[in-house]
Each structure stands twice: as C-alpha cells, then as structure tokens.
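The report below follows strand pairing, sheet architecture, hydrophobic cores and helix packing in turn. It is best read with the coordinates open alongside.

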Amino acid sequence: MTAASVSRLLSGFPDRLPGLRALYEDLHAHPELSFQEFRTAGVVADRLRKQGWEVTEGVGGTGVVGVLANGEGPVVLLRADMDGLPVQERTELPYASRETAVDSEGNKVPVMHACGHDMHVTCLLGVTDQLAGARAEWRGTVVAVFQPAEEVGGAPAMIEDGFLERFPRADICLGQHVAPAPVGFVGTRPGPVMAASDSLRVRLRGRGGHGSTPETTVDPIVMAAAVVMRLQTVVSREVGAAQTAVVTVGSLHAGTKENIIPDTAELRINIRSMTPAVRDRVLAAVERIVRAEAAASGAPEEPEITGLNSFPVTVNDTAATGTVLTAIAEVIGEERVFTLPEPLTGSEDFGVFGTALGVPSVFWHFGGADPALFQHRTPETLLTDGLPDTVPANHSPYFAPVPEPTIHTGVTALLAAAAHWLCSEDDRASDRQER
C-alpha cells in the first residue's frame with residue numbers, strides 16, 4: 001500500500017527540496033527560546049496559509065495549528081516542536097545561530113537549535129505542502145500541530161488552551177525526532193519509547209560572610225557540592241541494576257566574588273525514569289539527600305525544592321507502531337528501519353496529545369548525522385554499543401543535522417506513516433496490483 005501511495009503524495013517533491021533547505025537554514029540561524037517562538041510561528045503560519053490550510057495561531061502561547069479537511073476519512077495529527085535551547089552554537093556553519101534572548105528569569109543567554117526542532121518544523125512543512133498539493137491522492141483530515149516549548153512542556157499548554165474542543169479530534173497522533181544516528185535510518189519501538197522526566201530547582205540556604213572567616217558562616221557552596229556528590233549514589237545504590245534512571249545536576253549557581261561566602265546556592269536537577277515506582281523512589285531519594293545535607297551542614301533554614309516541569313513516559317501504541325514501521329520500511333527500505341532494543345532515556349511531551357485524546361500515538365527517531373562520523377560502525381552495533389565520541393548528540397553546541405538527505409528522510413517517513421490512514425482502501429488495492 002504505502003510505497004505507491006507515498007510516491008504519488010511525493011509528486012513534485014524534488015523541486016521543493018531547495019526551498020526546504022533554505023527554510024531549514026533560516027530556522028537554524030534564528031532559534032527562539034520556549035514560549036518565545038514568535039518569528040518561527042509567523043513563518044509557519046504564513047507558509048500554511050499559502051498552502052491552503054486553515055490556520056490558528058497563539059495556541060498554548062505561541063503554538064500554530066493547521067487543519068486541512070479533504071473529505072470523509074480518518075483524522076490524523078502530525079506534530080513538530082519549534083523551540084531552541086540556551087546553548088552557544090559552536091558548529092561554525094555559515095548559517096550558525098548568533099542569536100541571544102532573555103530567558104524566563106531575566107538572564108541574557110545564547111540560543112541555538114541544539115535539539116533539531118528546526119528540522120522537525122522543516123519536515124512537517126514539507127509534508128503539509130505535499131498533502132495540500134496532492135489532495136486527489138488521499139481522504140480525511142490532517143491536523144498539523146507546531147508546538148511551542150517542548151523543552152519545558154508546551155503540549156500541556158496547548159491542551160489547556162482548549163485544543164480538544166477547538167480542533168478536529170484525531171484518530172492517530174504521529175510525531176518524529178531527528179537523532180544523532182546515521183542519516184537515512186529510522187528507529188522506534190512499541191510500548192515505552194522515551195523516559196519520564198522531572199526537573200527540580202533546589203535553593204540551599206546558608207549564612208554568608210567573609211572568605212577569611214568561614215567559621216562564622218554556613219557555606220552553601222560546600223553544602224551544594226556535598227549534595228551533588230551524594231546524588232551520584234541514588235542510581236548506583238538505590239536503583240536496581242535491571243531498572244533505568246538518570247539523575248543529572250545541570251546547573252549550579254552561587255556567589256559573586258572569590259572572597260565572599262554567599263547566603264544561597266541554587267541547583268537545577270533533572271531525573272529520568274521508566275516506571276512510576278522508580279520515579280517515586282528517585283524523587284524521594286533526591287529530596288531526602290538535599291534535606292539531610294542541609295541539616296548536616298547546619299543550614300539556618302530548610303532548603304527550598306520546587307518542581308519546574310514534568311513529562312510522562314512516552315508510550316507507543318503496539319499495533320500502530322507495527323503499522324508505522326512497516327509503512328516506513330516499504331518506502332525507505334527494510335534495511336534502514338530498526339526496532340530499538342530498549343527505551344531511550346531522553347524525554348518528550350508528544351504523548352500528551354494521544355493521552356488527552358484517548359487515541360493511539362507513535363513517535364520515532366530518524367538519523368541526521370553524516371555517516372562519515374561513525375567510523376565504519378553499523379547501525380546494529382550502534383544499538384548495542386552507543387554513539388562514538390565523534391558524533392555530537394542532541395543538546396551539544398556542535399549538534400547540527402546535515403540538511404540532505406535528512407530533510408528527504410523526515411518528509412518521506414512522516415508521509416509514509418500518515419498515508420496508511422489517509423489513503424483509501426481502493427488506493428491500497430491499487431498498490432497491491434502495482435506491486
């Protein structure tokens with residue numbers, strides 16, 4: 001079914017690739033922080049309108065939703081995220097970001113598309129263009145969701161903004177993410193595919209003073225250092241070897257001068273887990289350690305622990321995942337499609353849409369890295385041994401997918417997955433005859 005259907009849906013696509021590459025480079029050069037994607041949203045809305053989509057802006061803050069109704073048939077939700085990260089780009093690409101922005105706490109920070117969301121927007125706009133130009137080849141309704149703030153939980157913001165009532169209710173939700181895997185390959189798995197994530201801000205209270213008389217102070221920097229080191233034992237000593245969890249202290253800020261002991265220190269902690277039981281255990285252990293180290297240091301006040309954001313485990317519907325893998329394999333080749341042996345420890349809020357709608361969802365990853373970086377390693381060995389050090393991962397200042405053939409793969413994979421639901425039974429029969 002899929003190969004011939006997607007071939008018809010891709011009519012004229014090679015001629016549009018140069019324009020998509022230019023779009024990708026423009027988006028990469030102009031990243032925006034979470035809930036600040038005003039320029040990106042404007043670009044998306046303008047292109048969707050020119051393609052003939054019904055467009056709604058400002059959903060969940062800066063989100064954009066396009067709807068294209070094309071007769072009776074299933075409703076398919078396709079999603080891309082739009083936000084960048086506070087990272088200083090070091091790729092030295094001619095279209096590297098030089099942008100800065102003011103974050104939610106008033107700090108001026110560099111901004112980079114260090115997670116590939118510019119690629120996601122480009123690929124979905126490529127898909128929407130193909131669908132709009134090939135309406136005779138499919139039936140149903142497509143809801144194209146350009147989501148803000150994936151890095152901090154923008155999907156719940158869109159749901160809370162009346163998403164379920166304002167737009168056609170999807171029968172299936174489909175999403176994808178570019179990965180530091182060889183370009184042209186696609187991978188996912190049924191069931192849990194990405195971890196739950198919890199982020200915390202911890203403010204430790206000390207008593208400041210002169211660096212020459214530390215005995216008159218309660219040093220929050222030493223307290224913070226003790227917390228950081230003790231947190232390393234949570235996974236190694238409190239989580240079973242067959243279970244999965246990650247605890248990361250990604251930020252530690254304290255003090256203004258080398259001879260002043262400050263009053264406070266602040267840590268930002270991120271926790272990844274795969275099951276509710278492990279999540280509860282790790283969260284409890286982190287709080288216990290923070291409070292115990294503060295008490296051991298003689299802190300004059302209890303530490304302040306604040307939740308920043310929380311994402312659930314991303315779970316792929318088993319039957320729909322099999323369908324998607326088969327559909328993509330028919331188009332790009334079975335040798336390029338892999339079932340991941342275990343869930344990834346990265347996190348996503350894409351699953352919020354399927355859960356809120358009560359429908360199946362499928363999320364997959366597609367490679368965007370130059371194969372030359374993999375030193376003759378095969379995709380099979382990458383699944384077991386992990387990435388070589390030569391490959392920048394997501395959130396690295398060096399992360400930048402090669403535009404081609406990454407764009408081609410992303411557009412083709414998303415169209416192939418959607419085609420299963422959008423192409424009619426007559427199309428499927430025709431496809432079987434053609435094969």
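Leu344 is found in strand β17, which covers residues 344-347, in what is a predicted model. With a relative accessibility of 31%, Leu344 counts as partly exposed, because that value falls between the 20% limit for buried residues and the 50% limit for exposed ones. Beyond its neighbours within four places in sequence, Leu344 is in contact with Val193, Met194, Ala195, Met274 and His365. One of these partners, Met274, is 70 residues away from Leu344 in sequence, and their C-alpha atoms are 9.4 Å apart in space.

**Strand β9 and its partners**

Three of the residues that Leu344 touches, namely Val193, Met194 and Ala195, have numbers within the range of strand β9, which spans residues 191-205. Of the 15 residues of β9, 12 are buried, so this strand is largely enclosed by the rest of the structure. The pairings of β9 are set out below, each with one pair of residues that stand opposite one another.

| Partner of β9 | Sense | Bridges | Residue pair |
|---|---|---|---|
| β13 | antiparallel | 10 | Leu204 and Ala265 |
| β14 (residues 304-311) | antiparallel | seven | Arg201 and Thr306 |
| β15 (residues 314-316) | antiparallel | three | Met194 and Thr314 |
| β17 | parallel | two | Ala195 and Ser347 |

Strand β13, which pairs with β9 over 10 bridges, runs over residues 264-273 and includes Thr264. Thr264 is partly exposed, with a relative accessible area of 31%. Its contacts, not counting residues up to four places away in sequence, are Arg203, Leu204, Arg205, Pro220 and Ala254. Pro220 lies 44 residues from Thr264 along the chain, while the C-alpha atoms of the two are separated by 5.6 Å.

**The eight-stranded sheet**

An open sheet of eight strands, with mixed pairing, is arranged in the order β1-β2-β6-β3-β7-β18-β8-β16. Its edges are formed by β1 (54-59) and β16 (337-339), each of which pairs on one side only. From one strand to the next, the twist averages 25 degrees. Within this sheet, β2 (residues 63-70) and β6 (residues 140-147) run antiparallel and are joined by seven bridges, and Leu68 stands opposite Val142 in β6.

Helix α4, made up of residues 117-133, packs on the sheet and touches β2, β3 (75-81), β6, β7 (172-182) and β18 (361-369), with its direction at about 150 degrees to that of β3. Helix α9, made up of residues 318-332, also packs on the sheet, where it touches β7, β8 (186-188), β16 and β18, and its direction makes about 155 degrees with that of β16. Strands β7 and β18 are thus named among the contacts of α4 and again among those of α9.

**Nonpolar cores**

In soluble globular proteins, nonpolar side chains tend to be buried together. In this model the largest nonpolar core has 62 residues, and those with the most contacts inside it are Trp53, Leu78, Leu131, Phe146, Leu174, Ile328 and Trp364. Helix α12 gives the most to this core, with 11 residues. Leu174, one of the residues with the most contacts inside the core, touches Val76, Leu77, Leu78, Arg79, Val324, Phe350, Val362, Trp364, Leu414, Ala417, Ala418 and Trp421, once its neighbours within four places in sequence are left aside. Apart from the largest core lies another, of 25 residues, among them Ala224, Val234, Val286 and Val290.

**Packing of α2 against α12**

How are two packed helices described? The terms are the angle between their axes and the distance between the axes. For helix α2 (residues 13-29) and helix α12 (residues 403-422), the angle is about 115 degrees and the axes are 10 Å apart, and the crossing of these helices is right-handed. On the α2 side, Phe13, Leu17, Leu20, Arg21 and Tyr24 take part in the contact, and they meet Pro403, Glu404, Ile407, His408 and Val411 in α12. Sorted by class, this contact has seven nonpolar, one polar and two charged residues. Helix α12 therefore appears both in this contact with α2 and as the element that gives the most to the largest core.

Methods: Residues numbered from 1 in each chain as written. Predicted model: local features only at pLDDT ≥ 70, side-chain atom pairs only at ≥ 80, totals over all residues. Heavy atoms only, no water. Axes fitted to C-alpha atoms, helices over the stretch in contact; angles between N-to-C directions. Helix = DSSP H or I, 4+ residues; strand = E, 2+ residues; numbered from the N terminus. Left-handed = near helix turned anticlockwise from the far one by under 90°. Contact = heavy atoms within 4.5 Å. Nonpolar A, V, L, I, M, F, W, Y, C, P; charged D, E, K, R; others polar. Core = buried A, V, L, I, M, F, W, Y, C linked by side-chain atoms within 4.5 Å. Buried < 20%, exposed > 50% of the residue type's maximum accessible area, 1.4 Å probe, protein only. Pairing = 2+ DSSP bridges.
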